[in-house]
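Thanks for sharing this one. Here are a few notes to read alongside the coordinates.

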Amino acid sequence: MAKLIRQLRFRWEDFKLAEQNGSSIRFPDMSLDFDNDITQLENEIAEKFPGQIDGFRSLCAALLDYSDMDGDDPSFMRSAREVMATHLSDPLLIEMLLCPLMWYGNARENDMDFGQFCIMFRACYLEGFGRPYKGVRLILKNLVRKFRGLGGELKLRSGVSKIHVDNGRAVGVVLDDGTVIEGKRILSSAGNIETLRMCDDISEVDVARAGKLSFIESISVLDKLPKEIGFDRTIVFYNDSERFHWERPEDRLCDVRTGVICSPNNYVYDADEGELPEGVIRITTLANHDHWCALPEAKYRAEKVIQYDAAIESAVRFMPDFRRHVVDTDVFTPKTIRRFTWHDNGAVYGAPDKQLDGTTHLPNVFLCGTDQGFVGIVGAIVSGISMANRHCLQV
């Protein structure tokens with residue numbers, strides 16, 4: 001976030017971030033609380049894993065020494081589990097620390113690239129969670145205002161159907177309505193496979209390289225604020241066994257063994273903003289894109305209700321049961337993600353193998369966003385900044 005603000009010449013107050021109340025990692029018979037000060041997590045580990053606290057501190061020190069943000073360091077692709085094992089010896093602590101980091105930014109099943117691990121560890125544990133009172137809309141509003149103020153033209157509802165290639169270089173894009181836009185360089189956030197598929201010099205792409213991890217997420221609107229029913233956590237990352245399973249469920253629609261519970265109410269907003277108008281609980285679980293997309297429409301709608309109930313049933317083992325306070329619900333699935341992003345497999349965090357330098361087979365087409373390397377709202381923006389600086393802002 002600091003890099004975004006510095007590069008785009010914003011002020012911190014433009015985003016007015018509210019800090020979290022505090023979050024938790026909850027496994028059977030073990031819980032770790034953390035907030036935006038690493039001291040709380042250190043104290044929790046010292047109390048509950050006393051033999052691991054020195055190793056945890058050495059792990060933190062190793063992360064601080066890692067400064068690569070562009071993927072040039074060969075250790076970026078190293079196994080995060082291997083690195084953690086050189087500092088920590090308790091398998092449960094390793095699983096618990098990985099759970100939030102994988103949930104909030106890992107496209108690789110069951111392990112994590114060390115470089116991505118460093119980025120997410122800093123984001124979740126060393127810097128912490130923040131949210132504007134008005135949510136992501138405020139961030140987007142500021143970005144659009146800045147872009148247009150600098151002369152940029154934003155074309156909404158203008159899908160790109162093709163990247164036109166001539167003599168080994170991209171010469172422009174063709175929109176869905178046939179409009180042609182020419183340009184010397186193209187930055188694409190569509191995804192690696194998806195970008196290659198649009199290039200008219202390529203007839204076939206390797207779809208196996210696309211990401212697999214997708215989600216189902218429910219929003220429950222309550223008749224009370226979450227804190228009024230005993231839930232004051234900003235985010236709870238839960239897992240119902242000592243081993244954290246981070247993989248696409250192959251034999252079912254969803255895997256409710258692990259999930260994320262989030263309440264936007266549980267941030268510390270300024271007094272002049274007050275409380276959010278409604279109590280909200282969001283629950284996210286892993287899901288299989290192909291299974292969801294294969295369902296007939298009537299079955300699809302029915303399964304949304306069934307899987308909503310299953311996710312809530314799993315989540316209330318780790319939080320107060322809020323079901324009698326629900327007044328409205330909404331659910332999105334991998335099919336929804338596919339519809340609005342066109343990402344293969346409804347992949348939220350892109351492909352597991354990132355193109356860290358952003359290059360493609362064409363000398364003037366570059367990737368940004370999740371398939372380049374950074375994930376999440378801020379990560380995707382920083383990716384665009386980094387790739388523009390690296391490839392486009394040249395004399």
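**Notes on the sheet and the cores**

1. Let me start at a turn: the hairpin of β5 and β6 has two residues between the strands, and N167 there takes a positive phi near 55°. Please keep in mind that this is a predicted model.

2. The two strands of that hairpin run antiparallel and are joined by six bridges, with β6 covering residues 169-175. If you would like to trace the register, D166 stands opposite R169 in β6, and H164 faces G172 of β6.

3. On the other side of the pairing, β6 and β7 are antiparallel and share three bridges. G172 has E182 as its bridge partner in β7. The hairpin of β6 and β7 has four residues between the strands, and G178 in the turn shows a positive phi of about 95°.

4. Put together, these strands make an open sheet of three in the order β5-β6-β7, with antiparallel pairing. β5 (160-166) and β7 (180-182) stand at the edges with a single partner strand each, so one side of each lacks a neighbour in the sheet. Direction ignored, neighbouring strands are turned by 30° against each other on average. As for burial, β6 is mostly covered, with five of its seven residues buried.

5. Now the packing. The largest nonpolar core has 64 residues, and F56, F117 and Y125 have the most contacts inside it. Helix α5 (residues 91-103) gives this core its largest share, ten residues. Leaving aside residues up to four places away in sequence, F56 touches I38, L41, E42, I45, L88, L97 and F121.

6. Do look at the second, separate core too: it has 24 residues, including I216, L295, Y300 and F318.

Conventions:
Residues numbered from 1 in each chain as written. Predicted model: local features only at pLDDT ≥ 70, side-chain atom pairs only at ≥ 80, totals over all residues. Heavy atoms only, no water. Pairing = 2+ DSSP bridges. Axes fitted to C-alpha atoms, helices over the stretch in contact; angles between N-to-C directions. Core = buried A, V, L, I, M, F, W, Y, C linked by side-chain atoms within 4.5 Å. Buried < 20%, exposed > 50% of the residue type's maximum accessible area, 1.4 Å probe, protein only. Contact = heavy atoms within 4.5 Å.
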